[in-house]
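Before you use this model at the bench, please read the notes below. They go through the chain point by point.

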Amino acid sequence: MKSKIKISLFLTCLFPVLAGAQCAMCRAVLESSGNKGQAEAINEGIMYLMIWPYILIGGIGFFVWWSLRKKSEKTSEIN
């Protein structure tokens with residue numbers, strides 16, 4: 001169980017490093033313009049838009065896990 005937590009924590013810490021890229025088309029257009037500030041702003045916007053689906057799915061996953069845990073605790077109390 002602890003190894004799963006360690007692996008999950010490691011991958012969570014690694015995610016921002018892996019996700020620091022833009023799509024190929026956005027990157028090509030922004031690199032050709034030469035405006036580094038604009039490229040960084042677009043990249044931050046992409047990251048901001050990308051985080052919401054992960055938050056929603058994580059919240060749903062947490063709720064399912066919590067519900068199943070509560071259900072298993074009730075079942076163990078009956079036995």
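The points below cover confidence, fold, surface, aromatic pairs and charged contacts.

1. Status of the model. This is a predicted model. The mean pLDDT of the protein chain is 77, and 78% of the residues score at least 70. Among the elements, helix H1 (residues 2-18) has the lowest mean, 69, while H3 has the highest, 85. Where pLDDT is low, the predicted coordinates should not be read in detail.

2. Fold. The protein chain has three helices and zero strands. Along the sequence the pattern is α-α-α. Helix H3 spans residues 36-78, and the residue pairs discussed in points 5, 6 and 7 have both partners in this helix.

3. Burial and surface. Of the 79 residues in the protein chain, 6% are buried. The exposed area is about 7100 Å², and carbon and sulfur atoms supply 71% of it. One buried residue is Ala-39, which has a relative accessible area of 18%, and the cut-off for buried is under 20%. Ala-39 lies in helix H3. Its C-alpha atom is 9.1 Å from that of Val-29, and the two residues are 10 apart along the chain.

4. Nonpolar patch. A nonpolar patch of about 770 Å² is present on the surface. Its members are Ile-60, Phe-62, Phe-63, Val-64, Trp-65, Trp-66 and Leu-68. Phe-62, one of these residues, belongs to helix H3. Trp-65, also in the patch, is partly exposed at 47% relative accessibility.

5. Tyr-48 and Trp-52. How many aromatic pairs does a search of the whole structure find? The count is three. In one of them, Tyr-48 and Trp-52 meet edge-to-face, with 5.9 Å from centre to centre and 85° between the planes. The angle earns that label because planes over 60 degrees apart count as edge-to-face. The two residues are four apart in helix H3, so about one helical turn separates them. Tyr-48 counts as exposed at 51% relative accessibility, whereas Trp-52 is partly exposed at 42%.

6. Phe-62 and Trp-65. The ring centres of Phe-62 and Trp-65 are 5.6 Å apart and their planes make an angle of 40°, so this pair is tilted. Both residues lie in helix H3, three residues apart, which is about one turn of the helix. Phe-62 and Trp-65 are also both members of the nonpolar patch in point 4.

7. Salt bridge. How many salt bridges does the count come to? The count is one. Side chains of opposite charge can pair when their charged atoms come close. Here the partners are Glu-73 and Arg-69, and their closest N and O atoms are 3.4 Å apart. The contact qualifies because the cut-off is within 4 Å. Glu-73 and Arg-69 both lie in helix H3, four residues apart, about one turn of the helix. Both are partly exposed: Glu-73 has 34% relative accessibility, and Arg-69 has 33%.

8. Reading the points together. Helix H3 holds the Tyr-48 and Trp-52 pair, the Phe-62 and Trp-65 pair and the salt bridge partners Glu-73 and Arg-69. This helix also has the highest mean pLDDT among the elements, 85. Helix H1, with the lowest mean of 69, is the element to treat with caution, because low-pLDDT coordinates should not be read in detail.

How values were computed: Residues numbered from 1 in each chain as written. Predicted model: local features only at pLDDT ≥ 70, side-chain atom pairs only at ≥ 80, totals over all residues. Heavy atoms only, no water. Buried < 20%, exposed > 50% of the residue type's maximum accessible area, 1.4 Å probe, protein only. Areas by Shrake-Rupley, 256 points an atom, 1.4 Å probe, with all protein chains shown as cover. Patch = residues over 30% accessible without salt bridge, like charges linked within 9 Å, V, L, I, M, F, W, Y side chains within 5 Å. Salt bridge = Lys/Arg side-chain N within 4 Å of Asp/Glu carboxyl O. Phe/Tyr/Trp six-rings, centres within 6.5 Å; stacked < 30°, edge-to-face > 60°. pLDDT = per-residue confidence, 0-100.
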